[in-house]
Amino acid sequence: MHVKKGDLVQVISGKDAGKKGKVLQVIPDKHRVVVEKINIVKRHTKPTQANPQGGIIEKEAPLDASNVMIFCSKCDRPVRIAKKFLENGEKVRICRICGEVLDTDK
């Protein structure tokens, strides 16, 4: 998948189009991602021992990964990515416009 946990992404289609957020979870077998404060749904829960009150809980629901693009802070816009090998043999993701390395741990 083109996104990883911790990436800053922008939603490009759907009701939350144009909003930015951090990827909290990636579900590769379903090709979906959970983005912080995007696609909020209300979940009605029964009272349990952990939550004796019960009630309505708001949480993020998964989006299809094709509806998000990685946000390049240098270009200040959502961008497509390319993959490149560094001199030491590491594979990194780079911005196709400015060439900046987008992997947060590199």
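**Figure 1. The stretch that UniProt lists as a KOW domain.** In an unreviewed entry, UniProt lists residues 2-29 as "domain: KOW". What you see here is a predicted model. Over residues 2-29 the chain is 43% strand and 0% helix. The C-alpha atoms at the two ends of this stretch lie 14 Å apart.

**Figure 2. An open sheet of 6 strands.** To find your way through this view, follow the strands in the order β6-β3-β2-β1-β7-β8. The pairing is antiparallel. Look next at the two edges, where β6 (63-64) and β8 (77-79) stand. Each of these strands has a single partner, so one side of each is left without a neighbour in the sheet.

**Figure 3. From β6 to β3 and on to β2.** Here we start at β6, which is joined to β3 by 2 bridges, the two strands running antiparallel. Val33 makes a handy landmark, as it stands opposite Leu63 in β6. Strand β3 is also joined to β2 (residues 20-27), this time by 4 bridges and again in the antiparallel sense. Val33 turns up once more, now as the bridge partner of Val26. Between the strands of the β2 and β3 hairpin there are 4 residues. His31 in this hairpin takes a positive phi near 60°.

**Figure 4. The β7 and β8 pair.** Moving to the other edge, we meet β7 (residues 68-72), which pairs with β8 in the antiparallel sense over 3 bridges. Which residue of β8 stands opposite Ile70? It is Val79.

**Figure 5. The hairpin of β9 and β10.** Strand β9 (residues 81-85) runs antiparallel to β10, and 5 bridges join the two. One of the partnerships to look for is Ala82 with Ile94 of β10. The hairpin has 5 residues between its strands. In the turn, Gly89 has a positive phi of about 90°.

**Figure 6. The largest nonpolar core.** This core has 16 residues, and those touching the most other members are Val9, Val33, Val35, Leu63, Val68 and Leu102. Three strands, β1, β3 (32-35) and β7, each supply at least two core residues. The largest share, 3 residues, comes from β7. Val33 and Leu63 may be familiar from Figure 3, where they stand opposite each other.

**Figure 7. A closer look at Val9.** What does Val9 touch, leaving aside residues up to four places away in sequence? Its contacts include Val35 and Val68, which are also named among the best-connected members of the core in Figure 6. Val9 also touches Met69, Ile70 and Phe71. Other contacts of Val9 are Val3, Lys19, Lys20, Gly21 and Val23.

**Figure 8. A salt-bridge network around Arg93.** Side chains of opposite charge can pair when their charged atoms come close. A search of the whole structure finds 5 salt bridges, and two of them meet in this view. In one, Asp7 pairs with Arg93, and the closest N and O atoms are 2.9 Å apart. Asp7 lies in the segment before β1 (8-11) and Arg93 in strand β10 (residues 91-95), so the pair ties together parts that are 86 residues apart in sequence. In the other, Arg93 pairs with Asp103, with the closest N and O atoms 2.6 Å apart. Asp103 sits in the segment after β10, 10 residues from Arg93. Through shared partners, the salt bridges join Asp7, Arg93 and Asp103 into one network. Are these residues buried or exposed? Asp7 is buried, with a relative accessible area of 4%. Arg93 is buried at 3%, and Asp103 is buried at 6%.

**Figure 9. The salt bridge between Lys19 and Asp16.** In this pair the closest N and O atoms are 3.2 Å apart. Lys19 is partly exposed, with a relative accessible area of 42%, whereas Asp16 is buried at 9%. Lys19 also appears among the contacts of Val9 in Figure 7.

**Figure 10. Cysteines without a disulfide.** How many disulfides does the structure hold? The count is 0. The sulfur of Cys72 is 3.7 Å from its closest cysteine sulfur, that of Cys75, which is too far for a bond. For Cys75, the nearest cysteine sulfur belongs to Cys98, 3.4 Å away, and Cys75 is in no disulfide. Cys72 is buried at 0% relative accessibility, while Cys75 is partly exposed at 21%.

Definitions and conventions: Residues are numbered from 1 along each chain as its sequence is written. This is a predicted model: local features need pLDDT of at least 70, side-chain atom pairs count only at pLDDT 80 or more; totals for chains, interfaces and linings use all residues. Side-chain values use heavy atoms; hydrogens and water are left out. UniProt positions are given in the numbering used here, feature names are shortened, and annotations may be inferred rather than shown by experiment. Two strands pair if DSSP finds at least two bridges between them. A salt bridge is a side-chain nitrogen of Lys or Arg within 4 Å of a carboxyl oxygen of Asp or Glu. Buried means under 20% relative accessible area, exposed over 50%, partly exposed in between (1.4 Å probe, protein chains only). A disulfide is a pair of cysteine sulfur atoms within 2.5 Å. A nonpolar core is a set of buried Ala, Val, Leu, Ile, Met, Phe, Trp, Tyr and Cys residues joined through side-chain atoms within 4.5 Å. Contact means heavy atoms within 4.5 Å.
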